[in-house]
Structures are given as C-alpha cells and as structure tokens.
Amino acid sequence: MKFNEYVYQRPDYDTVKTEYLDLLDGFKNSVDGAEQRAFFKKINQLRLKIESMSTLSSIRHSINTQDPFYETENEYWDNQGPLYAELNNQFYQAVLSSEFLEDLKDVYPITFFQLAENALKTFKPEIIELLQEENKLVSEYYKLMASAQIEFDGGVYTLSQMTPFTQNPNRDTRKRAFEARTSFLVQNEANLDKIYDDLVKVRTKIAHELGFENYIPLGYLRMNRLDYDAKMVAFYREQVLEYVVPLAQKLYKKQASRLDLDKLAYYDINFDFKSGNPTPKASPEEMVQIAKEMYHELSPETGEFFDFMVEHDLLDLESKKGKQGGGYCTYIPEYSSPFIFSNFNATAGDVEVLTHEAGHAFQVYQSRWVDVPECAFPTYESCEIHSMSMEYLTWPWMDRFFKEDTDKFKYAHMSDNVKFLPYGVSVDHFQHEVYANPNMTPDERKVIWRKLEKMYVPHKDYTENEFLDKGTFWYNQGHIFSTPFYYIDYTLAGVCAMQFWKRAAQNDPNTFKDYLKICNIGGTKSFVNIVKDANLISPFEKECIPSIIKDVEEFLYSIDDTKL
Ligand code: ZN
C-alpha cells in the first residue's frame, strides 16, 4: 500500500466518546490486573486509530493546503482536538488511581505513567480561560511577525524572505537588509513588549492557579522534563560558558579573517564563506538514490527502513504550489509508517532532511512495537539525539552529495553546531530570569538579555544598531513567545550527538549498536536513561562537555578554512 492509498475516515466524536467511556468503565470496574490490562490494550487501540486519522489529515493538509476536503478536516481536528484530549485526561486519572497500577507498570513503559502524571499536574478546568488567553497571545505574536512587509531595494518582503539579503556577499547589502528588518521591530516594539508581558503574566497566573510558586516548575512539566530540574540545567549552562564559549569565540575570529575583516559586525555573523555556503551537487531524485545506497551501506536496519519509506511513498520532499513551508517528521501508527515532509530548495538543508528528519523517522520506525501513543517518540530533547546523531553518522557518505564542497559542509556543520550551543543556552537562561521575576518591566528584560549576550555571545557587536544594542534580538526567537523553555533541548541533544560523532570518528565498534539501541527504546525511557543506555555521558555531568570539546576543536583546526 502506498501513502495515498492509506484510508482516512473522520471519526465521529460522539461515537468515539461512547466507546471510549464504555471501555473506561470496563477498565475501572476490572476485578483484577489481567482484566484491566486487556481494557488498557483496547483503549490504546482506539487511541492509536484516532491519532492515525488526525495525523493523516494533518499530513495531507500540509501537502496541499488548497485541497478543500482536508482543509475542512483540518478545521475539524483543530476544534475537536481538545475534546479528545479531555477523554485522555479521564483515562490518565483512571490509570493513576487504579488499584492495579503496579500490574500495569509491569507491562507498560514507565514514561507513560510519568507523562500521565504531568498531564494531570498541568491542567484543571479552572485554567481553561487562561489557556485560551495564552494561545491567543501566541497567535498574535506569529500574526504580527508574519504581517511584516519590508521594503528593500525595490521589492517588498516578509521577515523570512529577508534572510537571503542578510547573508548577501555584499557587506553593505547585508547591513542595509538587517537595518530594514530591524525597522519593522522598532515600529512594533511596544506591541511585542505588550504581548510578551501579557504572556509572562498569564503563565504566572496559570502556575499560581495550579499551586506552583512561579512558572518555571510548571514550564518544566509542560515540556515533559522527566528526570532533570532547573538546577541541573543551570549547571549545564555553566559548562557551556566555561568550555564552549571560548571555542566559539575562536571560530568567530577565524570567520572574520576568512572574510578579511578585523572584527565581525552583527550583520556579518550569518555570512560564513566568501565563496558562499556549501550546496548539494545532485538533483532531488539523485539525492534520494544516494540516500538509499547510503542507508544500505550504513546497516541492514537503516537499509530496510529507507526502502520502506520509498516503497510506500512516505517522503514528500519537493516544494509545490499550495504546500506548507518547512519540514517535519511524523508517524501514522495504524500503518506503522513514519512520514517525512520537506521543501527542497537546493541548499545543504536538503541533505539535512535526508539525514536529520530521516533520523527521527528511523527511530520511530524502530519503535513500531510501542503500542502506547504517548511513547512512540521520546520527549523533545531525546528526539533530537536520534536526528542530530544521524547527521553525524552519515558523514562518511557526504562526499556523494557535496562533491568538492564536502570539507566545507563538514566544517560548517560542526562549527555551526558549536556556535549554536552558547546562543541556545542564553535563550534558556533569559527565560529562567524572566519567569523567576515576572514583575520585571519590558525594559528590565531587555537589560537582562543584553547582559546575557555579553556573557554567552560576546562577539555580538551592535555598535551600529542602537535598537539591538539595548537588548531586543530575542523578538526574533519564536520559541520564547510560544513554548517557554523549549530551546535548550537542541543543545542537550547536540552535545549527545557530538559524542556519537567522536565515537564514529574514532571507529568505536559499538557506535552504531548503541545508536540502534536507543532507536529501539523510542519513548519508553526518559532523557537521562536514554543517554545512559546509549553509553553516552549525560550533559548534566561535569565530564560531558570536556570529553568532546577538544576533539571537536582539533577536527575544526584540521581543516584549512582559509581555502573554503
Ligand atoms: Zn529534529
């Protein structure tokens, strides 16, 4: 069966609800653990079916947003989603208060119970109105940012359409592009400050309503942090500050000298090589063919996985009219099928789809055996280990995609990941300050942001831009508005992926075996335990970053970047 033959049928909510509540009754009234497990299984089958239909609808809508059928279906799921979630909450409650809880725990993944607890701790009906207000403010932010119409060199552009100009080889163009982009933020400063201030206030109110001291512990629960806390994260940030910031600063100096500049201005930071960024030297069809060979050579498991993806048409890679932007990987449990969505645009990003998104897809393919919908994928920070590590594990094949640009690709890939870590933790640090002190004024928040930039990303020189110099760059970082504390995840996973990179580079024979092991685990374990099972050092241990940073530095210095 191919993807377009997968059958979509909208479930009727009332019918589902009756069936769900009947099964739930059976679950609650079970006389022993065995009977209860049987109901648990049936409830999960029902939930997997519903999730499959909602996922199919969302994939097909994203492939063609102009298809009226799936547009209607998409609206249905937007409206009905919370109702299905409410049924799940009743299920969680029944599970956690079950007298046979221990029997269930013997059979089902521990993470299911932890996630169920989190879901209940972060919700009560009294906060519904506040949640709606929070959603409204987040939408307002995205709408405002999407409304930008920036006049530049005779054209009119959105914020993301301005990106190529901010990376233009001509320095003056870059500078003017940044200034044009910034002018939109200057005009909307009061608006953005108000949206964020309201968000901080409403989140703090929700936290108080649920009995938390401030939003931080609630934010951790909402992000499903199962086995680490704010103190451990603070320690990790210090490690990044001590070991990674100095290397990143050296890399920026090298970048300046590659560009024949004494010092990078803020508008030079995104421009890496005078000769342009590395690009793939193959057509989309050729790239899929190369990926197929690559995954067969990497391991029997990855070979089988990629054949499955191709045979069932589970890759929608090329841009076309009506298609949504961006890229993602998702999973359709009823058909045991991962799905990869992207918009190829002839940049290195196309190859990253075939490695990063394929890393997510391979993990969930290996986790097909998990029959609890919450545990197919792990929590976010763990998910990104699979994807970011796959980017490194496929390095030996990158020459087939990049030909003469291979060294440039590897140099850019690694140095970008190093440079990202300090920025990533600064975003996290900022949010801890904000939510620990919810009564700060917008101007006080800006002062904090600028102070943290000087700590973690001291190369950022805004002397030519007064607006950014007062601490406003974070207006661009959507996560800060939409999903508090979701950002450090990429850095935690990055540090784990670099350990896989190092092991592969040193020909550790267990590298792939350990990678495969954590793909099989899927979401049945929490972050720290997944890291342990992979035989990696946890980012919260003081040995972690020092164990990789020297090798990373040596690798980067082994390439003569002046020739790139
Ligand atoms: Zn990812």
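**Notebook: salt bridges, zinc site, overall fold**

Started with Arg222: it is partly exposed, at a relative accessible area of 28% (buried is under 20%, exposed over 50%, partly exposed in between; 1.4 Å probe, protein chains only). Note to self: this is a predicted model, where local features need pLDDT of at least 70 and side-chain atom pairs count only at pLDDT 80 or more, while totals for chains, interfaces and linings use all residues. Residues are numbered from 1 along each chain as its sequence is written, and side-chain values use heavy atoms, with hydrogens and water left out.

**Salt bridges**

Which residue does Arg222 pair with in a salt bridge? I found Glu134, with the closest N and O atoms 2.9 Å apart (the criterion is a side-chain nitrogen of Lys or Arg within 4 Å of a carboxyl oxygen of Asp or Glu). This pair links distant parts of the chain: Glu134 sits in helix α6 (residues 128–146) and Arg222 in helix α10 (residues 215–222), 88 residues apart. Helices here are DSSP runs of H or I with at least four residues, strands are E runs of at least two, and both are numbered from the N terminus. Glu134 has 5% relative accessibility, so I logged it as buried.

Next I looked up Asp197 and Arg445, whose side chains meet in a salt bridge at 2.9 Å, N to O. Asp197 belongs to helix α9 (residues 189–209) and Arg445 to helix α18 (residues 442–456), so this bridge ties together parts 248 residues apart in sequence. Are these two buried or exposed? Asp197 is buried at a relative accessible area of 15%, and Arg445 is buried at 1%.

Then Lys320 and Asp316: their salt bridge is 3.2 Å, N to O. Lys320 is partly exposed at 44% relative accessible area, whereas Asp316 is buried at 12%. Elsewhere, salt bridges with shared partners join Glu189, Asp193, Asp443, Lys446 and Lys470 into one network. My search of the whole structure came to 45 salt bridges.

**Zinc site**

What coordinates the zinc ion? I get His356 (NE2), His360 (NE2) and two OE entries from Glu384, at 2.1 to 2.6 Å. Donors are N, O and S atoms within 2.8 Å of the metal (3.2 Å for Na, K and Ca), and the site may look incomplete as water is not among the atoms. The donor residues follow the spacing H-x3-H-x23-E. Of these, His360 is in helix α14 (residues 348–366) and Glu384 in helix α15 (residues 380–393), 24 residues apart, so to speak linking distant parts of the chain. Both His360 and Glu384 are buried.

Why is the arrangement irregular? The four donor atoms subtend angles of 53 to 142 degrees, which makes it so; four donors would count as tetrahedral if all angles lay between 85 and 135 degrees, and as square planar if opposite donors were over 155 degrees apart and all others between 65 and 115, the rule six donors must meet to be octahedral.

**Whole protein**

I counted 24 helices and five strands. The C-alpha trace spans about 75 × 55 × 50 Å along its principal axes. Of the 564 residues, 57% count as buried. For contacts (heavy atoms within 4.5 Å) with a separation of 6 or more, 74% come from residues 24 or more positions apart.
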